[in-house]
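Take a look at the model below. This briefing covers its pockets and its ligand.

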Amino acid sequence: MNQPAFAPPPAANVILRRLQDCGHEAWLVGGCVRDSLLGIPPKDWDICTSATPAEMSGAFAGWKTIPTGLRHGTVTVRLEGQGWEVTSYRVEEGYTDHRRPDAVRFVRELEADLARRDFTVNAMAWHPDRGLRDPFGGAADLRGRVLRCVGEPDRRFEEDALRILRGVRFAARYGLLPHPDTAAAIHRRRDTLRRVAPERCCAELRRLLCAPGESLAPVLTAFWDVLTVLPGLAPLGEMPGYHQQNPHHHLDLQGHTIQAVVSVPPEEGLRFAALLHDAGKPGCRTVDQDGVAHFYGHGKASAQLAEKALRALRCENALRRRVVELVELHDAWVPPTPAAARRWLGRLGEAGLRDLLALQRGDTLAHAPDCRPPRLARLDQWEALVAEAVAQSHCLALKDLTVGGRELMALGYPPGPELGAALAFLLAEVVEGRLENRREALLAAAEERRRGQS
Ligand code: ATP
Ligand code: MG
């Protein structure tokens with residue numbers, strides 16, 4: 001980190017120069033400075049400036065700008081087909097609702113603006129000529145892998161409870177260990193997260209769950225209590241120390257869940273599904289005469305909890321439906337045959353089926369080592385069968401059949417349920433490999449079926 005690679009895009013430099021030419025200070029700030037110091041390409045390059053919003057309007061007169069959050073001093077400058085956020089130095093005052101400041105005040109000193117930011121690693125500024133401005137020791141914390149609040153942690157979390165979840169997210173994303181004072185305040189203040197809008201919690205949670213597995217697992221273990229206060233996630237509270245009393249499991253339910261989460265690819269649907277796939281287990285427990293616990297029906301029970309949780313988190317419908325379906329099916333272990341592959345491809349589509357197999361693989365990797373090999377072998381077989389069926393572009397859905405409703409009506413089928421049932425019958429015959437997807441063969445089978453029914 002001696003010679004950090006700061007490579008701001010030309011447009012960012014143009015904006016910095018413009019503000020300076022108008023007599024203002026301007027710096028790159030926040031996430032882009034942190035990421036550059038870590039050698040990670042920044043997602044976006046935020047700029048802060050001593051110019052007030054009115055002065056910014058003057059500096060960018062004639063430029064394409066969007067008054068993104070003018071009251072808070074943020075203007076988006078459109079340049080080179082992209083938006084660049086420029087924000088006046090500001091301090092925030094009064095957080096009576098623990099969510100947002102009652103007022104913001106524009107100030108002239110960079111330091112004051114950096115002091116309102118949440119963590120030291122996010123409270124640095126950088127300027128192409130003036131270098132790094134780091135009054136709170138963010139660079140040293142990055143080197144030491146420490147997540148530390150700017151100022152007094154309890155007060156900072158009281159001001160804005162979302163910072164608690166942001167802190168957990170940054171720790172997981174960058175492999176930072178929260179400083180003991182920051183960690184203690186995260187635990188102590190976690191309940192204040194209940195006052196934060198579910199959508200904001202959900203957005204943070206999604207990003208947290210997609211962090212790299214190696215750093216996500218210890219953070220989830222240490223800050224599980226934070227997850228349990230989020231909308232709909234109270235059932236996770238039953239997992240720590242919940243022993244599964246079953247030879248397939250060497251970990252408690254929390255350990256198993258975390259292992260499954262980090263064993264699926266870092267994509268939000270899969271990570272959410274892994275987080276919730278066994279949430280319904282405690283409610284489904286039975287114990288047989290040998291003292292072994294079973295959890296019959298837990299896929300459905302977990303799916304119901306996932307449905308509730310993602311609704312409470314105000315997650316969008318498409319993601320919710322995907323997660324709920326994956327959770328519900330995660331324990332469906334179907335023998336791998338070409339016909340089964342075609343049937344399930346028809347049911348879930350290629351992406352959906354591949355997701356299900358990925359979830360089952362992650363779940364398996366979180367089982368006791370002894371029982372993994374047969375399951376992993378079966379998943380390998382499944383993947384090969386799916387690849388084969390896709391390569392053959394096999395008939396998988398009604399639209400792929402070489403006959404349609406019109407042809408069947410010509411045979412004398414009346415429009416309505418009978419026609420639908422006949423098409424479904426033909427599709428099933430083709431998928432199962434009992435009938436070829438050729439027009440003459442299908443028409444003959446349909447004709448025979450109609451005669452048989454009349
Ligand atoms: P990411 O790569 O996730 O976007 P980021 O650091 O850019 O990380 P943003 O949410 O885009 O995060 O916020 C930009 C900057 O604004 C942060 O680096 C931080 O300095 C400040 N900030 C954002 N949210 C808060 C908050 N709730 N409290 C205090 N400072 C915040
Ligand atoms: Mg950002």
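Which elements each supply at least two residues of the lining of the second largest pocket? They are β13 (293-294) and α14 (298-312). Keep in mind that this is a predicted model. We begin with that pocket, then move to the largest pocket and to ligand 1.

**The second largest pocket**

- The second largest pocket holds about 360 Å³ of space.
- Its lining is made of 19 residues.
- Nearest its centre lie N246, K281, F295, H298 and D331.
- Sorted by class, the lining of this pocket has 10 polar, five charged and four nonpolar residues.

**The largest pocket**

- The volume of the largest pocket is about 1,400 Å³.
- A total of 43 residues line the largest pocket.
- D46, E85, R116, R117 and R166 are the lining residues nearest its centre.
- Several strands each give at least two residues to this lining: β2 (46-49), β3 (65-69), β5 (82-88) and β6 (90-93).
- The helices α2, α7 and α9 (198-209) also each give at least two.
- The largest share comes from α7, with seven residues of the lining.
- By class, 21 lining residues of the largest pocket are charged, 14 are nonpolar and eight are polar.

**Where ligand 1 sits**

- Ligand 1 takes up space in the largest pocket.
- Two elements give two or more residues to the shell around ligand 1: α2 (31-38) and α7 (162-174).
- Helix α7 gives the largest share of this shell, four residues.
- So α7 turns up twice: it gives the largest share of the pocket lining and the largest share of the ligand shell, with elements taken as DSSP runs.

**The shell around ligand 1**

- The shell around ligand 1 counts 15 residues.
- The closest are R34, D160, R163, R169 and R207.
- By class, 11 residues of the shell are charged, three are polar and one is nonpolar.

**Polar contacts of ligand 1**

- R169 has a side-chain N or O atom 2.7 Å from an oxygen atom of ligand 1.
- For R166, a side-chain N or O atom is 2.9 Å from an oxygen atom of the ligand.
- For R117, a polar side-chain atom lies 3.0 Å from an oxygen atom of ligand 1.
- On its own, ligand 1 has 580 Å² of accessible area, and the protein covers 82% of that area.
- Two of these contact residues, R117 and R166, are also among the residues nearest the centre of the largest pocket.

Definitions and conventions:
Residues numbered from 1 in each chain as written. Chains lettered and ligands numbered in written order. Predicted model: local features only at pLDDT ≥ 70, side-chain atom pairs only at ≥ 80, totals over all residues. Heavy atoms only, no water. Near = heavy atom within 4 Å. Polar contact = N/O pair within 3.5 Å; in protein donor to acceptor, adjacent residues only side chain to side chain. Areas by Shrake-Rupley, 256 points an atom, 1.4 Å probe, with all protein chains shown as cover. 1 Å grid on protein atoms, 1.4 Å probe; cavity = no way out; pocket = protein on both sides within 12 Å on 5 of 7 lines; lining within 4 Å. Sits in = over half its atoms within 2 Å of the grid points. Nonpolar A, V, L, I, M, F, W, Y, C, P; charged D, E, K, R; others polar. Points joined across faces, edges and corners; volume = space filled by probe spheres on them.
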